[in-house]
Amino acid sequence: MIPADWKDGEVAVVGLGKSGVAASRLLAREGVRVYASDTEAQSDGSLQQLKTLGVTVETGRHDLKRIAKARAVVASPGVPPDAPPLAAAQKAGIPVVAELDLGLRFLRFDGTQVIAVTGTNGKTTTTALIGHLLRAAGYDAELAGNIGRPVCDVAMGRAPMWVALEVSSFQLHDAPTFDPDIGVLTNLAPDHLDRYKSVEEYYADKALFFRHAHAESIWILNGEDPEVVKLAEGAPGRRRTFAVNRRAEGWYDRAGDRLMLGEAAVIPRGDLKLLGDHNVANALAAALAAAAAGVPRPAIAKGLSTFTALKHRLEPVKEVNGVLWINDSKATNIASTLVGVVAMDRPFVLLLGGRHKGEPYTRLGEALKAGGKCRAVVAYGEAGDIVMKDLKSFVTLERGASFDDVMARARRLAQPGEVVLLSPACSSYDMFKNYEERGATFRRIVESW
Ligand code: UMA
C-alpha cells in the first residue's frame, strides 16, 4: 500500500487541516515516522492528539530542509504545488502524493469500490446523491473526499464496500494511483483562477481523472457540455451520458416532466425535491452511477425522491414577510452562481461578493440582464468594487459594507413574492472562515427576524 522505503526514513505531511491530520494519523498507524507542518497554528485538539501518536508537529512554518530529505511528501489539497514546501520537495526529487491518493491505496487494497465525481459544479450534490442512492438500496457505502471527510479518515476504519468520492482538481494533481471503477464528470467551466495560471492548466488537472482509464472503467459524462466530452475523448472504458435537453442514457423528458433511464421512466420531476435543471442533471448522473453499481431502478426511484437539498446549496432558509431567503453560499465561482440564478422562478435580489477569484463578472451581468428577474445586486467584500464596475451597465447595484449591512440592504430592496439569493460567486475568506460560516451567518440573521 505504501512503498517500503517510506518506513526507512520520514514522511512529511504538508498542511494540517482535516486532510493533513487524517494522513498523519494513518501514516503513524502504519509505523511511519511523520513530520507534519503548517504555516498557521491550528486551534483544535487534533494536533495534540497527533503528538501523542508520535508525530512531530510544527506550526507557524515549514522546515524546508527537513522536507527536502523526506522519503515522500503528503500534500493537503489547499496547498498549491508552487508553495515553498512542495516546490522544495519537487526540487529535491521527492515524490509528492495527495492525501486522497494515500487513503485510496488503503481502501483499494481492502477491496472498496470507488465511484468518483469531479467537475466544476454539482459534484458535492451528485456525490451525496450517489451515497444516498447506494445506502437507500442497502449498500455499505461511505462519502469521502472534497465533500468534507478525508479519504485517509475513512481508511482508518473498516473499509466499506463502496465509497462515493468527491474529487477536486487540487486532489487530482498529485494522485498517481487514482483509478475509480466509475467516474462521473458533471461539467467544466473556468474556476480557481487564483490558483491556476489559465483555464487550460485547470482543465489539465481535471484531465488526470482519466489518467488510468481502462476497458473496464465506466464514465458517466455530461453529454451537453462540449468541454466534458472533449476532456473524456479517447479515454478507454464504457461511457454513459446524461442530458436535460435531449435524449441520452439518462435524460429529462420535459414534455412528460419525468426523469428517464433509457426508455424507462424513473420518477416524475415533481418528486425530486431540488431546485433547477442543474439538479435534474445531477440526479440523472447519480442515477446512472447507481445503476452502473447494480442498484435496481425502483430503488433508484425511491432514493431520488427521498433526497433533500444540501446545506448552502440553493437551500431555502425561511420566508420573511413574503420574501424567501435562499442560501447558496457554496456558489464560490461565477459558473455556480449562474446556475443558481437560472434556477430562480421569481424576481430576486442577489448578494454577490467576497474574495475575488480572477474571472470578470461581466458574463454574469449579461445573464442577469437577459433573465430579467434580477431586481438588484448588493455587492460586498474585497470583490465589491470589481463587481460594481463589471455590472454597472447591466443591473441596479448597491455597495454593501459589513455582512449585516448587506443583509439590511437586501431586506429593504426585496418585495413580497420575491427572493433574496446569497450566491456570492467568490470565496468567503475575506470575511469568514469558509463558505459554511458565511451560509450559517446568513441563516442566523434571517432566523433572528
Ligand atoms: N498551508 C500550509 N502551507 C501552505 C499553504 C497552506 O501549511 O503553503 C496550510 C493551511 O494553513 C491549512 C492547510 O494547509 O491549514 C490547508 O488545508 P486544506 O485547505 O487542504 O484544508 P482541509 O481541511 O484539509 O480541507 C481539504 C479541502 N480543502 C481544499 O481543497 C481547499 C476540503 O475541500 C475538503 O473537504 C477536505 O480537504 C477533506 O477532503 C473544501 C474546498 O474548499 C470544501 N474545496 C475546494 C472547492 O470545493 O472549491 C476545492
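How far is a backbone N or O atom of Gly78 from an oxygen atom of the ligand? The two lie 2.7 Å apart. Keep in mind that this is a predicted model, where local features need pLDDT of at least 70, side-chain atom pairs count only at pLDDT 80 or more, and totals for chains, interfaces and linings use all residues. Residues are numbered from 1 along each chain as its sequence is written, and side-chain values use heavy atoms, with hydrogens and water left out.

**Around the ligand**

- The ligand has 22 residues around it, and Lys18, Ser19, Asp38, Gly78 and Asn146 come nearest (a residue counts as near if one of its heavy atoms lies within 4 Å).
- An N or O atom in the Asp38 side chain sits 2.6 Å from a ligand oxygen, while a polar backbone atom of Pro77 is 3.5 Å from an oxygen atom of the ligand.
- On its own the ligand exposes 910 Å², and the protein buries 80% of that (Shrake-Rupley areas, 1.4 Å probe).
- Helix 1 (18-29) and helix 8 (169-173) each chip in at least two residues of the shell (helices are DSSP runs of H or I, at least four residues, numbered from the N terminus).

**Helices 13 and 14**

- The axes of helix 13 (residues 334-342) and helix 14 (residues 362-371) come within 10 Å and cross at roughly 10° (axes are lines fitted to C-alpha atoms over the stretch in contact, with angles from 0 to 180 degrees between N-to-C directions).
- That makes helix 13 roughly parallel to helix 14 (angles under 35 degrees).
- Ile334, Ala335, Thr337, Leu338 and Val341 in helix 13 meet Arg363, Leu364, Ala367 and Leu368 in helix 14 (heavy atoms within 4.5 Å).

Key. Parallel < 35°, antiparallel > 145°, perpendicular 65-115°, else oblique. Polar contact = N/O pair within 3.5 Å; in protein donor to acceptor, adjacent residues only side chain to side chain.
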